[in-house]
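Here is a short briefing on one protein chain. Keep the sequence and the 3D view open as you read.

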Amino acid sequence: MKKKTIFKFTAVFLPVIFILIIEMLLRIAGYGEDYQLFHRVSMEDKPDYLVMNKHMARKYFKDNDLRADNQSDLFLETKTDSTFRVFVQGASTVVGFPFYKGGSFPRMLKHRLALTFPNKNIEVINTGMTAVNSYTLLDLADDIIEQKPDLVIIYAGHNEYYGALGVGSSISYGSYPAIVRSYLMLKEMRFFQLFEQAYYKIASSSAQKPSNRTTTLMEVMAKEQRIPFNSKVYLDGVEQYRNNLQKVLSKYKRHDIPVILSTLVSNERDIIPFISDTIPNIEEFNEAVNEQNPLAKKIAQNNAHAAYSLGTFYLETNRDSAKKYLHLAKELDLLRFRAPEKINESIIGLSHEYSTSLVDMKSVFETHSSNGIVGDELMTEHVHPNIKGQFLMADAFYNKIKELKLLDGWQNYIAYEDAIQDIPVSQIDSIQGIMVIEKLKQSWPYNINQIAEERDSIINKDLKNKYTEIKMAQDINMDIMKWDHAMATAYKMYEHDEEYEKGLDIAQSLIFEYPEQGAVYQMAGNMCMKKGDYKRAVFYLYRYHYFENSSKSAEELATAYIKSNQMEQAKKTLAQARNRGLEVPNLKELIEDATQAIQPEEVRLEM
């Protein structure tokens with residue numbers, strides 16, 4: 001009996017022990033990916049920072065060559081008492097596609113909160129990744145919780161079908177959430193990564209490679225292209241989202257972490273359904289539309305193109321009918337890149353179930369859209385907001401944070417009218433984003449037959465007077481010029497041409513990328529001083545002095561205080577500098593110099 005027990009024990013645990021040994025050896029050898037969400041960034045004479053793992057998306061995609069964008073937002077490894085820390089979860093809209101940098105709503109939100117609370121360390125950490133869905137939200141939740149967030153914002157749901165591991169995706173393991181979640185747990189193990197890599201290598205050797213025409217991640221991901229309304233796959237996608245988001249909210253609630261959910265926004269007015277059944281008798285249907293025959297409405301109930309045609313027909317005469325049928329067209333679209341309304345219903349329902357704060361972003365966008373129907377004035381294409389749309393999202397979350405009283409002291413509250421004049425996006429990044437969208441719309445699924453169109457860029461037609469910015473945007477887009485170099489070049493150009501507002505946009509964009517470098521704050525402060533915005537100059541030069549702690553930074557900050565009529569603060573800054581052994585002018589000398597133009601020496605980024 002004893003021998004039998006030993007034999008059974010050995011039979012069960014020997015393979016486990018073998019796997020553990022292999023796992024240990026693979027880790028020692030450095031094989032595989034480290035899927036820890038945040039990596040430490042150590043800097044000499046500065047606190048340690050954390051940043052999102054730039055290879056994190058590889059966990060969710062079979063093909064590691066697929067590019068899934070994400071932002072890189074530094075935040076302190078050790079959270080301070082003055083820190084207000086926000087994590088944002090989602091996909092490409094959260095990342096800021098196609099503008100990125102200062103064009104994403106998380107960075108617009110950070111910018112506005114930082115100006116509202118100048119004495120706080122505002123951290124808004126973007127964990128969004130292109131083409132992921134609710135499985136990723138759930139997978140990242142524990143790592144986010146470890147970083148002690150003061151708030152989590154979630155905007156996600158468009159990728160439940162074709163996003164990584166979605167029910168209709170080329171990267172999928174079926175409609176069984178428990179299996180998918182188990183798979184993601186196994187992906188942490190180097191042994192499993194080795195096994196999976198070997199399997200894919202064998203399987204891909206006989207598989208057909210994507211053609212050179214496959215220019216978008218959307219086409220690569222869309223396996224089940226046709227997903228009919230209320231079909232099994234359709235309902236599986238809704239249940240997948242609800243199930244995963246339920247688990248996400250449960251985790252955050254157990255740790256008393258506030259969450260703001262948001263409904264999703266789609267372009268319904270200006271996007272023709274990507275895939276639709278044909279209209280049986282198009283002439284008869286068009287005649288019925290023009291004559292407002294009930295037959296047209298009957299056909300539109302089950303046909304995406306018919307519903308869209310009927311909706312556009314009503315745009316000029318009947319707003320409610322137009323809205324109804326354009327929304328129906330989106331719902332009936334067989335290519336589900338736009339989340340169905342049942343996803344929004346799930347978001348609203350779960351916000352009630354878990355007593356979670358909700359921003360009805362769909363209503364926000366409708367309020368700012370003509371006829372109350374979201375279209376191209378706020379969207380770049382089917383689901384991604386343009387810069388104004390991203391601003392509206394940041395504005396809605398900013399005001400929700402105020403409503404929830406998550407921060408005390410809103411005496412520096414920035415109103416909508418002022419904030420919209422201070423969107424921290426450079427002209428170059430704006431143009432580059434338009435170029436990305438222009439190219440995208442020549443590809444699948446916009447050009448469903450994949451026939452490339454040779455035509456002049458709309459940029460060259462509409463922005464001829466912006467040639468220099470266009471050239472730099474094109475060079476960035478084609479990887480001829482690095483973004484950092486373009487920004488440094490543009491900053492000098494704007495300073496020379498006395499276009500200080502544009503120069504400030506450049507500096508603000510650089511601050512998002514290099515929040516730990518004093519030089520970028522000096523650049524922003526320099527532009528504010530030149531355009532006479534001394535209060536804002538103090539904000540940036542205070543941070544410049546915090547990082548540099550030099551005679552020069554103390555002098556520039558004190559000068560800004562003098563210019564903004566804060567003499568006691570100027571005197572205090574100079575006194576503190578002398579106490580640290582720094583050589584600085586006396587207050588009287590600075591007051592005399594403050595009447596003259598300030599020309600700080602050229603700053604250079606540590607790129």
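A residue counts as buried when its relative accessible area is under 20%. With that cut-off in hand, look at strand β6: L151, I153 and Y155 on one side are buried, and so are V152 and I154 on the other. Both faces of β6 are covered. Keep in mind that this is a predicted model.

**The whole chain**

- The chain has 607 residues, and 54% of them are buried.
- It holds 26 helices and 8 strands.
- Take the contacts with a separation of 6 or more: 73% of them join residues 24 or more positions apart.

**The five-stranded sheet**

- Strands of a sheet pair through backbone hydrogen bonds, in either a parallel or an antiparallel way.
- Here 5 strands form an open sheet, and their pairing is parallel.
- The order across the sheet is β5-β4-β6-β7-β8.
- Which strands stand at the edges? They are β5 (121-126) and β8 (357-359).
- Each edge strand has a single partner strand, so one side of each has no neighbour in the sheet.
- From one strand to the next, the twist averages 20 degrees.

**Inside the sheet: β6 and its partners**

- How many of the residues of β6 are buried? The count is 5 of 5, so the strand is mostly covered by the cut-off of under 20%.
- β4 and β6 run parallel and are joined by 5 bridges.
- In this pair, G90 stands opposite Y155 of β6.
- β6 also pairs with β7 in the parallel sense, over 3 bridges.
- There, V152 stands opposite V259 in β7.
- Strand β7 (residues 259-262) is joined in turn to β8 by 3 bridges, and these two run parallel.
- I260 stands opposite S357 in β8.

**A helix across the sheet**

- Helix α15 (residues 387-404) lies across four strands: β4 (83-90), β6 (151-155), β7 and β8.
- Its direction is at about 150 degrees to β8.
- K400 is one of the residues of helix α15.
- Is K400 buried or exposed? K400 has a relative accessible area of 13%, so it is buried.
- Leaving out residues up to four places away in sequence, K400 touches I260, S357, L358 and V359.
- Two of those names came up above: I260 and S357 stand opposite each other where β7 meets β8.

**The antiparallel strands**

- Strand β1 (residues 38-41) and β2 pair in the antiparallel sense, over 4 bridges.
- F38 has M52 of β2 as its bridge partner.
- β2 is also joined to strand β3 (residues 75-76) by 2 bridges, and this pair runs antiparallel.
- In that pair, L50 stands opposite F75 in β3.
- Which way do the side chains of β2 (residues 49-52) point? Y49 and V51 point one way, while L50 and M52 point the other way.
- All four of these β2 residues are buried.

**Two helices side by side**

- The axes of helix α24 (residues 551-563) and helix α25 (residues 567-579) come within 7 Å.
- They cross at roughly 165 degrees.
- The two helices are therefore roughly antiparallel to each other.
- Their crossing is left-handed.
- On the α24 side, the residues in contact are A554, L557, A558, Y561 and I562.
- They meet M567, Q569, A570, T573, L574 and A577 in α25.
- By class, this contact has 9 nonpolar residues, 2 polar ones and no charged ones.

**Two more residues to find**

- T116 lies in helix α3 (residues 105-116).
- Its relative accessible area is 1%, so T116 is buried.
- What does T116 contact, apart from its neighbours within four places in sequence? The residues are Y398, W410, N412, Y413 and I414.
- K247 is found in helix α8 (residues 232-254).
- With 33% relative accessibility, K247 counts as partly exposed.
- Residues up to four places away aside, K247 touches L138 and R181.
- K247 and L138 are 109 residues apart along the chain, yet their C-alpha atoms are separated by 7.0 Å.

Note on methods: Residues are numbered from 1 along each chain as its sequence is written. This is a predicted model: local features need pLDDT of at least 70, side-chain atom pairs count only at pLDDT 80 or more; totals for chains, interfaces and linings use all residues. Side-chain values use heavy atoms; hydrogens and water are left out. Buried means under 20% relative accessible area, exposed over 50%, partly exposed in between (1.4 Å probe, protein chains only). Two strands pair if DSSP finds at least two bridges between them. Contact means heavy atoms within 4.5 Å. Axes are lines fitted to C-alpha atoms, for helices over the stretch in contact, and angles run from 0 to 180 degrees between N-to-C directions. Angles under 35 degrees count as roughly parallel, over 145 as roughly antiparallel, 65 to 115 as roughly perpendicular and the rest as oblique. A crossing is left-handed if the near helix is turned anticlockwise from the far one by less than a right angle, and right-handed if clockwise. Ala, Val, Leu, Ile, Met, Phe, Trp, Tyr, Cys and Pro count as nonpolar, Asp, Glu, Lys and Arg as charged, and the others, Gly among them, as polar.
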